[in-house]
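Subject: A structure for you to look at

Hi there,

Here is the structure I promised to pass on. Have a look at it first, then read my notes below with the model open beside you.

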Amino acid sequence: MDDTLIDDIITSEDRPFEDVVVPEWKNRTLRIVVLPGTERDAWEMSLVKVENGKAVPNRHNFRARLLVRCIADPKSGERVFKDGHAEILGTKSGDVIARLFAVASRLNRLNPEDVEELGKGSALIQSADSGSA
C-alpha cells in the first residue's frame, strides 16, 4: 500500500468555502463550507423520520438543519452552531436563510431535485426501516 497516497488524500484541503456578509445580522461575515462526508450523510439521514413504523419525509426546517452544519467562523474555521441550534436559526428571516441556503446548496452541489429526492426517502427510507445505515 502506498502511504504517500493515503497521506496526500488525508492532508488535502478539499473542502472549499465562501465568506458571505449578512447585512441583516450586523454585517457579520459567515463562512459557508462544504460538508465533510459524515456531516452530509447525517444531514441527508435527517431528511427522513420514522412515524408509526414507516419512514416519511422530514422537511421541517431542513434549510436551517443544513446551515447549522455549514456555517463556520471565518477566523477559526470551526462550526458556529450545534445541531440543536437549527430550531433557533430557523426563526430568523426566511430571506436570509434562503440566501445562505442557496450558497450552501451550490457549494455542496445540491440542487432542488437532489433535496426533493432525499426528502422522498428512496434509499434512506429503506435504511430507516431496517434500523441500519
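Let's start with the surroundings of Arg 31 in this predicted model. Setting aside residues up to four places away in sequence, Arg 31 touches Phe 17, Glu 18 and Asp 19, and also Cys 70, Ile 71, Ala 72, Asp 73 and Pro 74. One of these neighbours deserves a second look: the side chains of Arg 31 and Asp 19 are joined by a polar contact of 2.7 Å. You will find Arg 31 in strand 2, which runs over residues 28–33.

Is Arg 31 buried or exposed? Buried is the answer, because its relative accessibility is 16% and the cut-off for buried is under 20%.

Now compare that with Glu 78. This residue sits in the loop between strand 5 (71–72) and helix 4 (86–89). Its relative accessible area is 54%, so Glu 78 counts as exposed. Beyond its neighbours within four places in sequence, Glu 78 is in contact with Ile 71, Ala 72 and Asp 73, and these three residues are also among those that Arg 31 touches. How far apart are Glu 78 and Arg 31 in sequence and in space? They are 47 residues apart along the sequence, while their C-alpha atoms are 9.4 Å apart.

Next, please find helix 3, residues 62–70. Of its 9 residues, 8 are buried, so this helix is mostly covered. The buried ones are Phe 62, Ala 64, Arg 65, Leu 66, Leu 67, Val 68, Arg 69 and Cys 70. Cys 70 is also one of the residues touching Arg 31.

Helix 3 has two helix partners that I'd like to show you. As a bit of background, two packed helices are described by the angle between their axes and the distance between the axes.

The first partner is helix 2, residues 37–45. The axes of helix 2 and helix 3 come within 10 Å and cross at roughly 165 degrees. Angles over 145 degrees count as roughly antiparallel, which is why these two helices are described that way. Helix 2 passes helix 3 in a right-handed crossing. On the helix 2 side, the contact is made by Glu 39, Ala 42 and Trp 43, and on the helix 3 side by Phe 62, Arg 65, Leu 66 and Arg 69. Sorted by class, that contact has 4 nonpolar, no polar and 3 charged residues.

The second partner is helix 5, residues 94–107. Here the axes also come within 10 Å, but the crossing is at roughly 60 degrees, and helix 3 and helix 5 are therefore oblique to each other. Helix 3 passes helix 5 in a left-handed crossing. Helix 3 contributes Phe 62, Arg 63, Leu 66, Leu 67 and Cys 70 to the contact, and helix 5 contributes Ile 97, Leu 100, Phe 101 and Ala 104. By class, this contact has 8 nonpolar, no polar and 1 charged residues.

Finally, zoom out to the whole protein chain. How many helices and strands does it have? There are 7 helices and 5 strands, and along the sequence they follow the pattern α-β-β-α-β-β-α-β-α-α-α-α. Of the 133 residues in the chain, 35% are buried. Among contacts with a separation of 6 or more, 58% are between residues 24 or more positions apart.

Enjoy exploring!

Best wishes

Note on methods:
Residues numbered from 1 in each chain as written. Predicted model: local features only at pLDDT ≥ 70, side-chain atom pairs only at ≥ 80, totals over all residues. Heavy atoms only, no water. Helix = DSSP H or I, 4+ residues; strand = E, 2+ residues; numbered from the N terminus. Buried < 20%, exposed > 50% of the residue type's maximum accessible area, 1.4 Å probe, protein only. Polar contact = N/O pair within 3.5 Å; in protein donor to acceptor, adjacent residues only side chain to side chain. Contact = heavy atoms within 4.5 Å. Axes fitted to C-alpha atoms, helices over the stretch in contact; angles between N-to-C directions. Parallel < 35°, antiparallel > 145°, perpendicular 65-115°, else oblique. Left-handed = near helix turned anticlockwise from the far one by under 90°. Nonpolar A, V, L, I, M, F, W, Y, C, P; charged D, E, K, R; others polar.
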